[in-house]
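Please open the model in your viewer and keep the sequence panel beside it. The stops below each give a selection to make and then describe what is found there.

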Amino acid sequence: MNTHLSRRTFLQHSLTATALALAAPRLSAAPKRNLKKGYKLGASLGKKQTVLEQFQWLKEAGFEGVEPMAGRDTTEILKARDATGLAIPSVCCSTHWVKPLSDPNPGTRAITVEALKSTLREAKLYGARSILLVPGIVNAQISYADAYARSQAAIREAVPLAEELGVKIAIENVWNGFHLSPLEAARYVDEFKSPAVAWHFDIGNVISIGWPEHWIRILGKRIATLHIKEYSRKQQSEQGPRKGFEVDYLEGDNNWPAVMKALDDIGYEGWGIAEPAYRPKDIDPLERLKEISRRMDKIFAS
């Protein structure tokens with residue numbers, strides 16, 4: 001027997017095995033994204049329920065947080081929060097559509113400025129880090145330039161309170177004829193020169209006009225919160241724009257791996273809040289919530 005050869009072979013095998021053992025954890029352990037799964041409370045849960053029952057269903061379905069509408073019974077919501085352990089990361093302003101901050105009437109704008117301030121206070125009470133605000137609308141009567149100027153002036157009235165409370169005013173991209181480009185959206189936020197103004201990025205809302213991953217990289221650290229929504233360009237083309245939303249998660253045109261990669265690239269860590277626009281018929285509401293939760297897990301892992 002060649003002892004020298006055996007020892008050399010043994011040492012080579014040992015070194016190879018050690019190298020593989022050290023490398024194995026690095027090869028098998030995929031980076032875990034620090035994304036938390038929330039649900040917008042206004043999205044249908046099915047039958048009429050108490051606030052506590054809604055929170056309990058969401059907890060059972062695997063959600064970690066809830067985004068309520070402002071102006072609800074704060075005592076009820078706090079009790080439900082404390083009973084279930086669900087967080088409240090964001091609160092949605094309730095008047096911004098019916099009384100937009102772009103309205104020509106100063107009195108109308110003043111109502112939503114006060115609602116905005118009230119929403120900030122509610123958010124602080126709940127422990128939320130941001131509020132969702134639709135900044136205005138553009139239509140035949142309200143020009144783009146007027147919407148831009150009026151909404152910024154109105155929001156500036158609430159910025160000192162937001163800074164004092166430590167709650168961000170997060171502007172959402174919606175189908176309001178406004179903020180049609182990520183470059184403009186970034187500029188709009190930057191012009192406030194305040195860390196208290198940010199962006200609430202709705203992923204599904206931009207697919208009809210662009211690509212969410214492009215928006216994410218441009219908005220970058222301005223993004224405070226995410227809305228997770230799906231959209232189908234095929235259904236948009238065949239049935240009309242609104243029909244594009246009537247598709248389940250993972251079955252539309254969102255390139256979720258590209259979206260997640262963009263979020264990784266900007267270092268986003270925070271909440272992804274489900275706002276499902278698709279509601280299949282004849283399905284148990286709790287089972288539907290569980291299915292949404294499972295699909296969101298796949299999205300976050302993509």
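**Strand β8 and its partners**

Select residues 35-40, which form strand β1, together with strand β8, and you will find the two paired in the parallel sense over 5 bridges. Within this predicted model, Gly38 is the residue to pick out here, since it stands opposite Ile273 in β8. Now add strand β7, residues 223-228, which runs parallel to β8 and is joined to it by 3 bridges; in this pairing Ile228 stands opposite Ala274 of β8. With both partners displayed, colour residues 270-274 by accessibility: strand β8 is mostly covered, and 5 of its 5 residues are buried.

**The largest pocket**

Next, select Lys40, Trp97, Lys229, Arg242 and Glu275, which among the 23 residues lining the largest pocket lie nearest its centre. The space in this pocket comes to about 450 Å³, and its lining is made up, by class, of 12 nonpolar, 4 polar and 7 charged residues.

**The cavity**

Keep Lys229 selected, as it also belongs to the lining of the largest cavity, and add Glu230, Phe245, Val247, Asp248, Tyr249, Pro276, Ala277, Tyr278 and Arg288 to complete that lining. The count of cavities of 30 Å³ or more is 1, and about 50 Å³ of space lies in the largest cavity. Its lining divides into 6 nonpolar and 4 charged residues, with no polar ones.

**Two residues with positive phi**

Most residues other than glycine have a negative phi. Move to the loop between β5 (168-172) and α7 (182-190), where His179 is found; although not a glycine, His179 has a positive phi of about 55°. Is His179 buried or exposed? At 4% relative accessibility, His179 counts as buried, because the cut-off for that class is under 20%.

Then pass to the loop between α7 and β6 (197-202) and select Lys193, another residue that is not a glycine yet has a positive phi, here of about 50°. Lys193 is exposed, with a relative accessible area of 74%.

**Where to read with caution**

Finally, colour the protein chain by pLDDT, which averages 91, with 88% of the residues scoring at least 70. Select residues 1-5, where pLDDT stays under 50 and the model has 1 contact beyond four places in sequence, and then residues 13-30, where pLDDT likewise stays under 50 and the model has 0 such contacts. Where pLDDT is low, the predicted coordinates should not be read in detail.

How values were computed. Residues are numbered from 1 along each chain as its sequence is written. This is a predicted model: local features need pLDDT of at least 70, side-chain atom pairs count only at pLDDT 80 or more; totals for chains, interfaces and linings use all residues. Side-chain values use heavy atoms; hydrogens and water are left out. Buried means under 20% relative accessible area, exposed over 50%, partly exposed in between (1.4 Å probe, protein chains only). Helices (H or I, at least four residues) and strands (E, at least two) are DSSP runs, numbered from the N terminus. Two strands pair if DSSP finds at least two bridges between them. On a 1 Å grid over the protein atoms alone, a cavity is a set of points where a 1.4 Å probe fits but cannot get out, and a pocket is an open set with protein on both sides within 12 Å along at least five of seven lines; lining residues have an atom within 4 Å of a point. Grid points are joined across faces, edges and corners, and a volume is the space filled by probe spheres set on the points. Ala, Val, Leu, Ile, Met, Phe, Trp, Tyr, Cys and Pro count as nonpolar, Asp, Glu, Lys and Arg as charged, and the others, Gly among them, as polar. pLDDT is the predictor's confidence in each residue, from 0 to 100. Contact means heavy atoms within 4.5 Å.
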